[in-house]
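Hi everyone, thanks for coming. Please have a look at the structure on the screen, and then I'll walk you through a few places in it.

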Amino acid sequence: QVQLVESGGGLVQPGGSLRLTCAASGSIGAINSMGWYRQAPGKQRVLVADITSGGSTKYSDSVKGRFTISRDNAENTVYLQMNSLKPEDTAVYYCKVDGLTSWGFDLNSWGQGTQVTVSS
């Protein structure tokens, strides 16, 4: 079993910054990609950014230039540095991990979500 623990959400004023952290633990064989998704009220969950084990990154157009995803492969941890936050960034942010368990089964796990609210 694999657990994902997220932290770092909260309330911030427009233009402010937050850093989200997601740590994976448990029966992990290998992690291919780690990513962040978000879901605003009444909307679908969408990709914000992801990063492969080799360090290749992908960002949604709405966050390019403002958000930075990074990971620590040794600690199975992914980060999302969010700068110049806007009210439209308000959402529940979810961490997702894809890879293999230590038994060789597919690993596709979601975190519990962390609320990010951007408001004055």
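Let's begin with Y94, which has a relative accessible area of 14% and therefore counts as buried, since the cut-off for that is under 20%. Please keep in mind that what you see is a predicted model.

Who keeps Y94 company? The charged end of R45 sits over the ring of Y94, 3.6 Å from its centre. There is another arrangement of this kind to look for: the charged end of R19 sits over the ring of Y79, at 4.1 Å from the ring centre.

Now to the aromatic rings. A pair of such rings is described by how far apart the centres are and by the angle of the planes. How many aromatic pairs does a search of the whole structure find? It finds 2. Y37 and W110 make an edge-to-face pair, 4.9 Å centre to centre with 65° between the planes. This pair links distant parts of the chain, as Y37 is in strand 4 (residues 28-39) and W110 is in strand 10 (residues 106-110), 73 residues apart. Y94 and W110 also pair: their ring centres are 6.4 Å apart and their planes are at 85°, so this pair is edge-to-face. Y94 belongs to strand 9 and W110 to strand 10, so the pair ties together parts that are 16 residues apart in sequence. Put together, Y37, Y94 and W110 form one aromatic cluster. W110 itself is partly exposed, because its relative accessible area is 37%, and partly exposed means between 20% and 50%.

Next, please find the open sheet. It has 4 strands in the order 1-3-8-7, with antiparallel pairing. Which strands stand at the edges? Strand 1 (2-7) and strand 7 do; each has a single partner strand, so one side of each is left without a neighbour in the sheet. From one strand to the next, the twist averages 15°.

Let's stay with strand 7, residues 67-72. The covered face of strand 7 carries F67, I69 and R71, while T68, S70 and D72 are on the uncovered one. Strand 7 and strand 8 run antiparallel and are joined by 6 bridges. Across in strand 8, I69 has L80 as its bridge partner, and F67 stands opposite M82. The hairpin of these two strands has 4 residues between them, and there N76 takes a positive phi near 50°.

I69 and L80 lead us to another residue, A49. A49 touches both of them, along with G35, W36, K58 and Y59, leaving out residues up to four places away in sequence. A49 is in strand 5 (residues 46-52). Is A49 buried or exposed? A49 is buried, because its relative accessible area is 0%. A49 and C95 are 46 residues apart in sequence, and their C-alpha atoms are 9.9 Å apart in space.

My last stop is D89, in the loop between strand 8 (77-82) and strand 9 (91-101). Buried or exposed, what would you say for D89? D89 counts as buried, because its relative accessibility is 1%. Which residues are in contact with D89, leaving aside its neighbours within four places in sequence? They are R38, R66, F67, S84, V116 and V118. You have already met F67, on the covered face of strand 7.

That's my tour, and I'm happy to take questions.

Conventions
Residues are numbered from 1 along each chain as its sequence is written. This is a predicted model: local features need pLDDT of at least 70, side-chain atom pairs count only at pLDDT 80 or more; totals for chains, interfaces and linings use all residues. Side-chain values use heavy atoms; hydrogens and water are left out. Buried means under 20% relative accessible area, exposed over 50%, partly exposed in between (1.4 Å probe, protein chains only). Contact means heavy atoms within 4.5 Å. Rings of Phe, Tyr and Trp (its six-membered ring) pair if their centres lie within 6.5 Å; planes under 30 degrees apart count as stacked, over 60 as edge-to-face and the rest as tilted. A charge sits over a ring if NZ of Lys or CZ of Arg is within 6 Å of the ring centre and within 35 degrees of the ring normal. Two strands pair if DSSP finds at least two bridges between them. Axes are lines fitted to C-alpha atoms, for helices over the stretch in contact, and angles run from 0 to 180 degrees between N-to-C directions.
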